[in-house]
Amino acid sequence: MAAEGGGKEMNEIKTQFTTREGVYKLLTHSEYSRPNRVPFNSQGSNPVKVSFVNVNDQSGNGDRICFNVGRELYFYIYKGVRKAADLSKPIDKRIYKGTQPTCHDFNPLTATAESVSLLVGFSAGQVQLIDPIKKETSKLFNEERLIDKSRVTCVRWVPGSESLFLVAHSSGSLYLYNVEHTCGTTPPHYQLLKQGDGYAVHTCKSKSARNPLLRWTVGEGALNEFAFSPDGKFLACASQDGFLRVFGFDAAELHGTMKSYFGGLLCVCWSPDGRYIVAGGEDDLVTVWSFSDCRVIARGHGHKSWVSVVAFDHCTTSVEDSDPPAEFSGSDEEFHEQIHFGGGRDRANSSQSRLSKRNSTDGRPVSVTYRFGSVGQDTQLCLWDLTEDILFPHLPLSRTRTHTNVMSATSPPATGTANTTNSTTNATSSVPTNTSSTTTNTTPSGTNGNNTVSISSGSSGTPANSLPAPLPRSNSLPHSSGPAGGSTTPNSNASSGSKGGSSIIDSAFIATGVSKFATLSLHDTRKERHEKDHKRNHSMGHISSKSSDKLNQLSSAARTAKADAAKTLGTLLCPRMEEIPLLEPLVCKKIAHERLTVLIFLEDCLVTACQEGFICTWARPGKVGLLSSQNPANSPSGTVV
């Protein structure tokens, strides 16, 4: 995947780049890889992935790094910009036979200097829970592959929980597990719990508690990546069918949808305040989607091949009151650490409210800049700035940058977001005693089921204010929730959740409530779906077979969605290129010989990795001096990046 021709200069690998903050420099002695430093022959292997955790030890050396290369998994102390990497002493190293690790995630809540909980997903579908410090393999989930036989694409601990985790597969299914439960010796039997456009949620029918607690079926094809919002209440899913779907996690309600320009979506991430989502994929673009408006607000074009990772830089994202640019200071950098390592919801909410407050109109001009980055199969790193003229344009669809900023137009989205992101569909109903601790950890505290209303009202109130008359919401699709689940109608699903008044995770535990809840939410949904399918099929000139089976109904809806995908271009789901601002990268540099698979922003550096198995540390401006005393003779050859 070398860059396109053009001689030596085009193929030259960059070891530093400059932004408005200063110069980022590659620290060759802080490179992590397999101990022999030999480039990995990556043909046919799974992407190299990197996970970090901070174990909060007193030495100040609390960061730990885990990465997979081929069949191998490594766990090291990460010294970052402070000291050179010592690859001769991994804390733990594992070599797997018959299956390869594909992804992994640490639980930041339980991490200590003596013990960490690391989940590892595998190419054959299993998920392993290990402690690389104690050298223990505690549990293996889906061991017999009875739950799902396809490759694990993404695994994440549920924010705020010590025992619940979510696993995505290339089958398009998403499973919720509890580490305390077994997986059973027979394939699970499922009962439909909730259904919507392009997704369905099933609960596992079993007399005794077993995994999985829930199965989500999302879109068509693989579910490539998912990400929890900073407050842990929403889940963004990037799928191979090209759709981004954003759900309220506890109630499994579709909040909004977006369609790629073409091809599958491969990666997704949230802004630190939860207001924006960036997705990347096979259209070589990065797409910025507004959470409160449920619409695409910008695209970025700089990559020459598929975009494999997108990530926000929490440290460079800034909010200023008409002062010279000032970056987030101390407390917010700690907030970055907490968010990056999946930590405290309280900190997330406080920073969120700070951004919300400062974005409101109080007579002073406010300047907001979000920094995010992307890496791709073209071996390039791109950095992007999402600035005020894009976030709050005078005319939403104008491509000119000269419009003055009308702050009154920004006020409704700000308040709408505050309503939406701070509300949750938490349960106030009773919880079985044997699972009370895990359930409590799962759901954010301090809110109740009635807040569902503010999700629907917040979402429905903003479009009218934030979009001017020339572009009414009704332009999105002929039917309010179209082929992709209708990004424009968060209310249709929210209403059934409000009736239930309890979170979907609780419902999974309460066997008697399941059937009641399922019929309640299904009753109107099936009727609506049938009418919509009938209208669509009638206009297309063919009639689908009427099937009473719910799963067949879902697959027929998926086929319809595929046929309608071409119709999404030019709608709010997928605006045409000329209809929205096109961002250009601040920085676009070739930094590796092989395709890039990792981009992580840390407090004093950013970390990238390529498919050859080299994990590189780039010091932020002003941070490189920490290592200047190192003897360059000890550093590895400069030819490898």
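In which strand does Thr617 lie? Thr617 belongs to strand β33, which covers residues 615-619, where a strand is a DSSP run (E) of at least two residues, numbered from the N terminus. The model is predicted, so that local features need pLDDT of at least 70 and side-chain atom pairs count only at pLDDT 80 or more, while totals for chains, interfaces and linings use all residues. Residues are numbered from 1 along each chain as its sequence is written, and side-chain values use heavy atoms, with hydrogens and water left out.

**Surroundings of Thr617**

- Thr617 counts as buried because its relative accessibility is 0%, where buried means under 20% relative accessible area, exposed means over 50%, and partly exposed lies in between (1.4 Å probe, protein chains only).
- A polar atom of the side chain of Thr617 lies 3.4 Å from the backbone oxygen of Ser30.
- Once neighbours within four places in sequence are left aside, Thr617 is in contact with several residues, among them Lys25, Ser30, Tyr78 and Cys605, and contact here means heavy atoms within 4.5 Å.

**Surroundings of Gly302**

- Gly302 is found in the loop that runs between β24 (295-301) and β25 (307-312), and Gly302 counts as buried because its relative accessibility is 18%.
- Although Gly302 and Val587 are 285 residues apart along the chain, their C-alpha atoms are separated by 9.1 Å.
- Not counting residues up to four places away in sequence, Gly302 touches Gln380, Cys382, Trp384, Pro585 and Cys588.

**Two open sheets**

- Strands of a sheet pair through backbone hydrogen bonds, in either a parallel or an antiparallel way.
- One open sheet has 4 strands in the order β3-β4-β5-β6, with antiparallel pairing, and two strands are said to pair if DSSP finds at least two bridges between them.
- In this sheet β3 (50-54) and β6 (92-95) stand at the edges, and each has a single partner strand, so one side of each is left without a neighbour in the sheet.
- Within the same sheet, strand β4 (residues 63-69) and strand β5 (residues 72-77) run antiparallel and are joined by 6 bridges, and Asn68 stands opposite Leu73 in β5.
- Another open sheet of 4 strands, also with antiparallel pairing, has the order β17-β18-β19-β20.
- Here β17 (223-228) and β20 (253-259) stand at the edges with a single partner strand each, so one side of each has no neighbour in the sheet.
- Strand β17 is joined by 5 bridges to strand β18 (residues 234-239), the two running antiparallel, and Ala227 has Ala236 in β18 as its bridge partner.

**Salt bridges**

- The structure holds 13 salt bridges, each being a side-chain nitrogen of Lys or Arg within 4 Å of a carboxyl oxygen of Asp or Glu.
- In one of them the side chains of Glu72 and Arg34 meet at 3.6 Å, N to O; this pair links distant parts of the chain, with Glu72 in strand β5 and Arg34 in the loop between β2 (22-32) and β3, 38 residues apart.
- Both Glu72 and Arg34 are buried.
- Arg94 and Asp92 form a salt bridge whose closest N and O atoms are 2.8 Å apart; Arg94 is buried, with a relative accessible area of 13%, and Asp92 counts as buried at 8% relative accessibility.
- Asp385 and Arg371 form a salt bridge with their closest N and O atoms 2.6 Å apart, and this pair joins strand β28 (residues 380-386) to strand β27 (residues 367-376) across 14 residues.
- Both Asp385 and Arg371 are buried, and they are linked with Arg20 and Glu21 in a network of salt bridges.

How values were computed
A polar contact is a pair of N or O atoms within 3.5 Å; within protein, one must be able to donate a hydrogen and the other to accept it, and residues adjacent in sequence count only if both atoms are side-chain atoms.
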